[in-house]
Amino acid sequence: MNLENSAKRRFFRLCCILLLGGLVTTCVEPFETEIESFESILIVDATLTNEQKQQQVLLSRTFRFNEEQLVETGAEVGIVDDQSTRFEFIETEPGKYLTPSEFTAVPGRDYQLIIKTAEGNEYASDFRSLTPVLEIDDLYAERTVNGQGVLGITVFADSSDPQGNAKFYRYEYDETYKIIAPRWSPVEIEVLSKNPPEIQFVTKTEETRVCYGSASSTDVILASSTEFDEDKVTRFPIRFLSKENFLTQNRYSILVRQFVQSPEAFAFYETLKEFSDFESLFSQTQPGFITGNIVSRTNSSEKIIGFFDVSSVSSKRIFFEHIDFFPEGPPPPFINDCETFSPLFFFLGFSPLIDALETGFFTYFNVNDDPTPDEGPYLLVPKECGDCRVLGSNKVPDFWEE
Amino acid sequence: MRFFSIILIVFCSGVMNGQDISKLVSISFENVDKKTVLSRLENQTDVTFYYLEEWLGEELITKEYQNVTLKTILDDLFSDTVLNYYFLKEKEVVLTSNIVIYDNLPDRFFGEEKDSLVVNKPKQKIAPVFYTKKKSLNEAKISTIKIGKASVYSKEKYELSGYARNFTTGKPIQNLAILVEGKDLVATTDKNGYYLLELPAGENILSTTSLGIADSKKRVILYNNGTLDFDLTESLEVLDEVLLESNRDENIKDVVTGKEQVDVEASKNIPLVLGERDVLKVATALPGITTAGEGAAGLNVRGGKADQNLTLLDDALIYNPQHFFGLFSALNPFTIGKVDIYKGAIPAEYGGRLSSVFDIKTKDARTDKLGVEASIGPVTGNVTVETPVVKDKSGLLFGARGAYANWILRSLDEETLNNSQASFYDAILKYNHEINENNKINATGYYSRDDFSITSDSIYVYSNRAFSLRWDHTFNDKHKGNVLLTNSQYKFDINFDGDSNNDFNLGYSVEETEVKLQMKYELNPMYKFHYGIANKIYQVRPGSIKPDGDGSIVTPFSIPKEKALESAAFISGRFDFTPKFSVNAGLRYSLYNALGEGTQREYEENRPRNEGTVTNTIQYENNKVIETYDGVELRLSSRYIIKPDLSIKAGYSNTYQYIHTLSNNTTVSPIDTWKLSDLNIAPQKAQQYSFGVFKNLNESTYEISLEGFYKKLDNIVDFKVGSQILLNENIETEVLQGEGKAYGVEFLLRKNKGKFNGWFSYTYSRSFVKLDSEFAEERVNNGEFFPANYDKPHDISLVSNYKFTKRFSLSANFVYQTGRPVTFPVGQFILNGSEFVVFSDRNKFRIPDFYRLDLGFNIEGNHKNKKLAHSFWTISIYNVLGRNNPFSVFFVADDGEIRALQSSVFSIPVPSITYNLKF
């Protein structure tokens, strides 16, 4: 319920305003503190799923503000089930631990995550069992206006559990979108010599006109059927894309993964989400440490962040295009205006054209048909306008359907 | 002084010539007054008498003297009076009242004469009584009585006896304590009202005290044995602990522990922000009462939460007695008569809150003539009118106050804020009617409202409403009582009307109606009882949201209303076992019924409460009892007077609270909601032990007190980290109920008299909360005690006023407090691809200490009698030092960088001028 937060936020601002009204110069200013408040805490990102895959556990540590993420390497990670079967994890890259083979969580079993760090500290989660297995009922996109009054496309999910066991859902998505370089040329300039300047045109061998960009969700998206009538999630908005969003310029695809969560895991993520909104700190909401279900076996007062859950996952993919919702057009603009410019080929002993190409930010587009005295013979464009590989991969994804 | 100089002259004038004294006189008088007698003696003997006519009295003399000395005549004439005479020199006789003039120094004045002849006669000490009139404003009110006629051979001690009777009934007063101030002397009247007291000669201040009898005080100049009778009036409220007029020894004698009073009249000299007089702000300068921060709403009394205070305005509860987020109190200072604060042993007649009672009574309207008081300050205007309705019987008091803070917001450069507004007002109407000696009726109505809007699309409104009707009736000398009917409501509304399609209207309200019957019964002056019953019905509308406008897509939603009945019966007694040792004992039984209709959930036992552990949902019909809680509350306090200026007190009390505020904010906000106890939320409980030493110095010019307390709280309401409260139907899944403990020592030094007066208070107190559970999600700080949000160990307040003249005075306030605890972010992490912030344990850090100095200059209009109106100017500067006291510290993400920011409320000196007018 965001109402409460927005209410409090506004309320807090008023105090400042009153004071700004000629009474007080400022009411908010940098806080200089001597307080050393950093605490290094182990972060466990582990969700065992019923997907047939190499299961993954990510270990990291908290890091100071504005610094780089620190990973926890050299740990022994394993999951044991109630029949004492142990699934070992192997660190494949720093902080990332994978099972060597694929396996899935099975209903009716209890699983526990066990970690032993390089320093010898041991951690264990409580026992979790697989949440009810449930498919996404429907995934669809519609033309909508969002809360801020912006016109666009919303991807909705519907889910329901006739048994009423699944009530809490977390969603992740991977979106993939086709990119077509708007000022593409089948040829490119190859620099033969810088001094004296010498170039030649070669035909591009790689695909550079049509690529596929992809991105993953960065929000924690949570839904609970308790907030809806009839104990089901209907028309739950997963992703909003404004009418002007470049991602929908061409064909767009979204894969939504639905995790059925335990109530405890849901509560954990919900609280995390609440505090991820920095803005809400204005509201003076009482913050605090968010406890998960992993404890230290070596030091019971040590704090660990993370929730080990065993979730059933189901996914659905849809494809759509802008024109499906906005037949009247126009399609969203490309992310760059793609203005051309023509550096001189030769100027006072060096070549601005070659220099521009060598920055890597530009690429050849066309011949400058009618150059002015201070223009060169060729038109260059920002690289992404002529080479889609800047924005995505030129390999057609396996799942792609036209 | 005059007498004293005469005595000096006498000492200097040496040995007297007694030539004319021996001359024999024959004279007769018939029915003449003493003045005539003296003038005839003057004519006949050539002596001159010096005296004051008023000493002589109107007694007529019929006497005949034949050949006697003048001395014999005078001895005879003055034998039955307190007059003495002295032959000053030839033909001059000085008459004196009470005192005797000595013409030689006492024996051994210059030390023992070692070689002197030892005369075996009874030693008679010469102990002259010297008395200089002291100039003291307060003492001037005490009447002075001279008793006895001095004799040259005066003693050190004399006996004073007499009789005490009730002025109204004429009956003797038994067990009246007669205390001699500054001396460890006490007498008590017997059953016939007689007393006998041995007193040192000279000046003695006698004060009388007894239950049901108004205290009195007399200055007695004792020259010889004598009698003094007391005609005393009954005190109006026999068992009321409340002091109706300031008595300088009240702090010593009061039996109730942990009680404070705010002197409403004196509080006008205390400089406050924007020149607003504010009794609640003054209260925070007293030991044991604090706020979470400058401008934070809610008071914390002795380590209690802000929702644990019972704020009563003429017996009706005020849920939120503050305007403008706590910057100003919502109680019109001009209409308030007195404020009593109970922070220790709360009298048994009050209940329903754990930590304190703020008993605020409005003044009675004048019944003699019209009175008007008005003030204008930079933020508010205030007018109070008192008018008689039936002369000398009934009067009407009306007070209204409005704020015009909008100009502040409008004067902003910031364009987006030009549409902002903030205003508040409050109004009070009181009618008091004394029907006859035995019946009195008071009716009070109160309303306050705050409106504020930051952006043009949202409006916040919150309001208090209160009504009380009280009928006081005296049955007979021993039995009196009153019936009370009160109703109070608090509500807020949030109106969001923006450009998008999610406009809404959100509302909340809590209402209570109480009927209370109180009786006072005086078994005898030593044992008095106070008993009664009370019944209160609560109705809470916990929240509803409605779409606002046609285009809104907000789904209407409403949480069903809550209802409960709180009943109580109480009895208390004051027992004066001896004049020195008194006990006030009270017992209160409270019974709480949560009533339907409603829906309650049952959860699995030994599992954390959440959606997954619901086992059953129960429906209750209207007025069906959902859950019953009850509690026996003991309120005990005792006082022992060690010396008239020194006493010790001890108290114990336990309290129950059935209604709680829900707030997951670190400070109180006007949109905090109140929740009734139900199936899943238990009542809060508290126990407090207190002990205090009270000492007066220098004739009560200085009052010193040192009080200590230890408080234990149970089931105090807190929340899981990051919980959602507003419009949450199943709030019990978010609520945590835990333990609390608080302890502290409070020191107060107060100077009441003189040009320089005020007080200094220092409090050391701690307040902790423990939220433990076997489930991690219901635990805070690993289940250990952590400092409460308002835990401020050191708290120093200095309130002082210096009167240059009757018209000009300067006042200064100084406050120092330890910074309040806060929770800081201690790092960042990435989980599930998103960045998050991790917070420290709750309240692990503290914001910097708080200190502030305010100065005020008060100018009273001149005091000409015929002047129509009396004016009063206050010029004040708040936060003279310009200390930037942080109110809170928070962190924001700005361009991918996290920065620590602090907000403060008044970071520069704030000057203001207020004008008050009274006629």
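Start at Asp315(B), in a predicted model. Asp315(B) is buried, because 23 other C-beta atoms lie within 10 Å and 20 or more are enough to count. Look at its backbone next. Phi is near 75° for Asp315(B), a positive value in a residue other than glycine. The host loop runs between strand E18 (309-313) and strand E19 (316-317) of chain B.

**A second positive phi**

Select Asn843(B). This residue is not a glycine, but its phi is positive, about 55°. Asn843(B) sits in the loop between strand E51 (834-839) and strand E52 (845-846) of chain B. Buried or exposed? Asn843(B) is buried, with 23 other C-beta atoms within 10 Å.

**A cis peptide**

Go to Gly596(B) and Glu597(B). The peptide bond from Gly596(B) to Glu597(B) is cis, and its omega is near 10°. Glu597(B) belongs to the loop between strand E35 (581-595) and strand E36 (598-603) of chain B.

**A buried loop residue**

Now select Ile731(B). Strand E43 (702-719) and strand E44 (735-751) of chain B flank the loop that holds Ile731(B). Ile731(B) has 22 C-beta neighbours inside 10 Å, so it counts as buried. What does Ile731(B) touch, not counting residues up to four places away in sequence? The answer is Leu662(B), Lys675(B) and Ile725(B). Draw a distance from Ile731(B) to Leu662(B). Their C-alpha atoms are separated by 9.1 Å, with these positions 69 residues apart along the chain.

**A helix with one buried face**

Move to helix H3 (residues 70-77) of chain B. Its buried residues are Leu70(B), Leu74(B) and Leu77(B). Turn the view to look down the axis of H3(B). The buried residues fall within an arc of 65°, so they line one face of the helix. A general rule helps here. An α-helix has 3.6 residues a turn, so residues three or four places apart point the same way.

**Three strands in chain B**

Select E8 (residues 177-180), E11 (residues 202-210) and E12 (residues 213-222) of chain B. E8(B) and E11(B) run antiparallel and are joined by 4 bridges. Val180(B) stands opposite Leu206(B) in E11(B). On to the next pair. E11(B) and E12(B) also run antiparallel, joined by 8 bridges. Here Asn204(B) stands opposite Val220(B) in E12(B). Zoom in on the turn. The hairpin of E11(B) and E12(B) has 2 residues between the strands, and Gly212(B) takes a positive phi near 85°.

**Over to chain A**

Show chain A alone. Chain A has 5 helices and 24 strands. Of its 402 residues, 37% count as buried. Among contacts in chain A with a separation of 6 or more, 68% come from residues 24 or more positions apart.

Colour chain A by domain. Domain 1 covers 36-133 + 262-310, and domain 2 covers 187-207 + 336-390. The C-alpha centres of domain 1 and domain 2 of chain A lie 50 Å apart.

**An open sheet**

Select strands E11, E12 and E18 of chain A. They form an open sheet of 3 strands in the order E11-E12-E18, with antiparallel pairing. Which strands stand at the edges? They are E11 (138-145) and E18 (232-242) of chain A; each has a single partner strand, so one side of each is left without a neighbour in the sheet. Neighbouring strands of this sheet are turned by 30° against each other on average, direction ignored. E12 (residues 151-160) of chain A pairs with E18(A) over 8 bridges, in the antiparallel sense. Pick Gly152(A): its bridge partner in E18(A) is Ser242(A).

**An exposed strand residue**

Select Glu88(A), in strand E6 (residues 86-93) of chain A. Glu88(A) is exposed, with 12 other C-beta atoms within 10 Å. Glu270(A) is 182 residues away along the chain, and the two C-alpha atoms are separated by 30 Å.

**The cores**

Show both chains again. The largest nonpolar core has 87 residues. Those with the most contacts inside it are Val44(A), Tyr171(A), Ile238(A) and Val838(B). Helix H2 (residues 263-276) of chain A gives the most to this core, with 7 residues.

Centre on Val838(B). Leaving aside neighbours within four places in sequence, its contacts in chain A are Ile41(A), Thr62(A), Phe289(A) and Ile305(A). In chain B, Val838(B) is in contact with Pro825(B), Val826(B), Gly827(B) and Phe829(B).

Last stop: a second, separate core of 53 residues, including Leu272(B), Leu280(B), Ile289(B) and Phe358(B).

Definitions and conventions:
Residues are numbered from 1 along each chain as its sequence is written. Chains are lettered from A and ligands numbered from 1 in the order in which they are written. This is a predicted model: local features need pLDDT of at least 70, side-chain atom pairs count only at pLDDT 80 or more; totals for chains, interfaces and linings use all residues. Two residues are in contact if their C-beta atoms, placed from the backbone, lie within 7 Å. Domain bounds come from an automatic or database domain assignment. Two strands pair if DSSP finds at least two bridges between them. A nonpolar core is a set of buried Ala, Val, Leu, Ile, Met, Phe, Trp, Tyr and Cys residues joined through C-beta atoms within 7 Å. Axes are lines fitted to C-alpha atoms, for helices over the stretch in contact, and angles run from 0 to 180 degrees between N-to-C directions. The arc is that of the directions from the helix axis to the C-beta atoms.
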